Amino acid sequence: MSEDMRYITFALGKGRLANKTLDILDRIGVHCEEMKDKSTRKLIFVNEELKFKFFLAKGPDVPTYVEYGAADIGVVGKDTLLEEGRRAYEVLDLGFGKCRMCVCGPESARELLQHHEMIRVASKYPHIAKDYFYNKKHQTVDIIKLNGSVELGPIVGLSDVIVDIVETGSTLKENGLVVLEEICPLSARMIVNQVSMKMESQRIMDLVHKLKANL
Ligand code: PRP
């Protein structure tokens, strides 16, 4: 490694995706043992050999760090990319974290989606919900932003339906809700800052090719 080589910085979305990302990076010889230590309060980790830095961030902040170049590379769910709408190149579908963005609700709400009725939609993803209802379905709806446990919406009478992630479907099932419409499939994606892609294309593409071969 040459002395003047600059660091390439990775922003990883906290939680399940980060653990899976570290596993797959391990497989291609990119190690960051320190980061796996659950008790640490450190925010940034360095692999001096490869000149890589890693930090954990809240999922929705990952595309922000990448757009501004504070991170060269990010790993984040497609749901977050769609919702945040940040500028970055999406270079790789990592194939894990697979789930679906769906319109869900009680079976009785199905007909509310057929006749362009004004309905209430609760979601952690107001932009995705708006794009789907306004631009794809041409249905004017009232979107209510929630921050989690969105399934409560139709149960407590806050909304008619929700737009949310469905993975196994067990949260819906245990709460008497069903998938009414599917919006799109989701999974973890690798994104790259647009300038970094030009300045460090060789190191970044080398990494992408190695990851691709190990998926
Ligand atoms: C997500 C999502 C659903 C659930 C879907 O919530 O919002 O509630 O997982 O998974 P399932 O189909 O396998 O049941 P998360 O656990 O991230 O928590 P949140 O409700 O606080 O967003």
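This report describes the ligand site, the largest pocket and two loop residues of the structure shown above. The structure is a predicted model.

**The ligand and its shell**

The ligand sits in the largest pocket. Around the ligand stand K124, G148, S149, E151, D164, I165, V166, E167, T168, G169, S170 and T171. By class, this shell comprises two nonpolar, six polar and four charged residues. Two elements, β9 (161–166) and α6 (170–174), each contribute at least two residues to the shell around the ligand. The largest share belongs to β9, which provides three residues of that shell.

Three members of the shell have a polar atom whose distance to an oxygen atom of the ligand is listed in the following table.

| Residue | Polar atom of the residue | Distance to a ligand oxygen atom |
|---|---|---|
| K124 | side chain | 2.6 Å |
| D164 | side chain | 2.8 Å |
| S149 | backbone | 2.9 Å |

For K124 and D164 the atom concerned thus belongs to the side chain, whereas for S149 the backbone supplies the atom. On its own, the ligand has 490 Å² of accessible area, and the protein covers 70% of this area.

**The largest pocket**

What is the volume of the largest pocket? The volume of the largest pocket is about 1100 Å³. Its lining consists of 37 residues, and those nearest the centre of the pocket are R16, D79, K124, Y125 and I165. Of these, K124 and I165 also appear in the shell around the ligand.

Several elements give two or more residues to the lining of the largest pocket, namely α1 (16–27), β4 (73–77), α3 (78–84), β9 and α6. Which element provides the largest share of this lining? That element is α3, with four residues. In the shell around the ligand, by contrast, the largest share comes from β9. Sorted by class, the lining of the largest pocket has 12 nonpolar, 13 polar and 12 charged residues.

**Two loop residues with positive phi**

The backbone also deserves a brief description. H116 is a residue other than glycine, and its phi has a positive value near 55°. H116 is located in the loop that joins β6 (99–105) and β7 (120–123). H138 is likewise not a glycine, and its phi is positive at about 50°. The loop that holds H138 runs between α4 (126–136) and β8 (142–145).

**Summary**

In this predicted model, the ligand occupies the largest pocket, and polar atoms of K124, S149 and D164 lie at the tabulated distances from its oxygen atoms. Positive phi values are found at H116 and H138.

Key
Residues are numbered from 1 along each chain as its sequence is written. This is a predicted model: local features need pLDDT of at least 70, side-chain atom pairs count only at pLDDT 80 or more; totals for chains, interfaces and linings use all residues. Side-chain values use heavy atoms; hydrogens and water are left out. A residue is near a molecule or strand if one of its heavy atoms lies within 4 Å of it. A polar contact is a pair of N or O atoms within 3.5 Å; within protein, one must be able to donate a hydrogen and the other to accept it, and residues adjacent in sequence count only if both atoms are side-chain atoms. Accessible areas come from the Shrake-Rupley method with a 1.4 Å probe; for residues, only the protein chains shown count as cover. On a 1 Å grid over the protein atoms alone, a cavity is a set of points where a 1.4 Å probe fits but cannot get out, and a pocket is an open set with protein on both sides within 12 Å along at least five of seven lines; lining residues have an atom within 4 Å of a point. A molecule sits in a cavity or pocket if more than half of its atoms lie within 2 Å of its grid points. Ala, Val, Leu, Ile, Met, Phe, Trp, Tyr, Cys and Pro count as nonpolar, Asp, Glu, Lys and Arg as charged, and the others, Gly among them, as polar. Grid points are joined across faces, edges and corners, and a volume is the space filled by probe spheres set on the points.
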